Amino acid sequence: MESIYEHAGGYEALHRFIDIFYGSVLADPLLQPLFGAGRPDHVNHLTAFDAESFGGPDDFSRQVGFAHLIEVHRGLKIAEEQRQRFVELYLAAADAAGLPDDPPFREALRSHAETDDQLHPLREVPRWEWPAS
């Protein structure tokens with residue numbers, strides 16, 4: 001079965017998607033405080049994370065490391081309103097980037113945005129799968 005990574009269009013498609021998404025969160029008054037002024041390497045790191053979690057190469061684990069992800073998110077106290085806005089902008093960026101819009105793929109994207117409490121117990125990059133039929 002095709003991976004979510006392959007279905008999305010691979011690294012280039014995910015990078016285009018994350019570039020749009022990251023720009024939108026930096027411009028959003030609700031989310032910008034969580035992201036600060038932005039970091040030049042964040043698009044590449046987030047692209048690598050999504051690629052790996054969608055079944056692509058394990059570059060994120062090898063180059064950045066999951067412990068780093070946990071450390072930078074620890075203590076942010078992400079509010080539910082912020083999490084919902086994150087999901088909204090994430091899906092809007094998928095539209096703007098021209099990612100597939102079929103329901104199984106969009107449900108996989110929607111389920112990718114986890115809560116802070118769900119993230120901290122993890123010790124490695126989670127793997128997202130296609131939703132059960």
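# A walk through an all-helix chain

Aspartate 28 counts as buried, with a relative accessibility of 7%; here buried means under 20% relative accessible area, exposed means over 50%, and partly exposed covers what lies in between, with a 1.4 Å probe and protein chains only. Before going on, a word on what you are looking at. This is a predicted model, in which local features need pLDDT of at least 70 and side-chain atom pairs count only at pLDDT 80 or more, while totals for chains, interfaces and linings use all residues. Residues are numbered from 1 along each chain as its sequence is written, and side-chain values use heavy atoms, with hydrogens and water left out.

Let us stay with aspartate 28 for a moment. It sits in the loop between helix H2 and helix H3 (32-35). A polar atom of its side chain lies 3.0 Å from the backbone nitrogen of leucine 30, which fits the cut-off for a polar contact: a pair of N or O atoms within 3.5 Å, where, within protein, one must be able to donate a hydrogen and the other to accept it, and residues adjacent in sequence count only if both atoms are side-chain atoms. Leaving aside residues up to four places away in sequence, aspartate 28 touches Pro33, Arg85 and Leu89; a contact means heavy atoms within 4.5 Å.

Now step back to the whole chain. It has nine helices and zero strands, where helices (H or I, at least four residues) and strands (E, at least two) are DSSP runs numbered from the N terminus. Of its 133 residues, 40% count as buried. Among the contacts with a separation of 6 or more, 70% are between residues 24 or more positions apart. The chain exposes about 7300 Å², and carbon and sulfur atoms supply 53% of that area; the areas come from the Shrake-Rupley method with a 1.4 Å probe, and for residues only the protein chains shown count as cover.

Helix H2 is a good place to begin the tour. It covers residues 10-27, 18 residues in total, and reaches 26 Å from its first C-alpha to its last, close to the 26 Å expected; the expected span is 1.5 Å times one less than the number of residues. Its buried residues are Gly10, Ala13, Leu14, Phe17, Ile18, Phe21, Tyr22 and Val25. Seen down the axis of H2, they fall within an arc of 160 degrees, so they line one face of the helix; the arc is that of the directions from the helix axis to the C-beta atoms. On the face turned away from this buried side you will find the exposed residues Glu12 and Ala27.

Glycine 10 leads us from H2 to another helix. This glycine is buried, at 11% relative accessible area, and its C-alpha is 7.5 Å from that of alanine 51, although the two are 41 residues apart along the chain. Alanine 51 is one of the buried residues of H4. In that helix 10 of the 12 residues are buried, so H4 is largely enclosed by the rest of the structure. Just after H4 comes glycine 55, with a positive phi of about 100 degrees.

The aromatic rings come next. Rings of Phe, Tyr and Trp (its six-membered ring) pair if their centres lie within 6.5 Å; planes under 30 degrees apart count as stacked, over 60 as edge-to-face and the rest as tilted. By this rule there are six aromatic pairs. Phenylalanine 49 and phenylalanine 60 make an edge-to-face pair, with 5.3 Å centre to centre and 80 degrees between the planes. Phenylalanine 49 belongs to H4 (residues 42-53) and phenylalanine 60 to H5 (residues 59-63), so the pair ties together parts that are 11 residues apart in sequence. Both rings belong to buried residues: phenylalanine 49 has a relative accessible area of 9%, and phenylalanine 60 one of 3%.

Phenylalanine 86 and tyrosine 90 form a stacked pair instead, 5.8 Å centre to centre with 15 degrees between the planes. They are four residues apart in helix H7 (residues 80-97), and are therefore separated by about one helical turn. Phenylalanine 86 is partly exposed at 23% relative accessibility, whereas tyrosine 90 is buried at 2%. Together with Phe17 and Phe21, Phe86 and Tyr90 form one aromatic cluster.

H7 itself has 18 residues and reaches 26 Å from its first C-alpha to its last. Its buried residues include Leu89, Tyr90 and Leu91. H7 is followed by glycine 98, whose phi is positive, near 75 degrees. Our path also closes here, since Leu89 is one of the residues that aspartate 28 touches.
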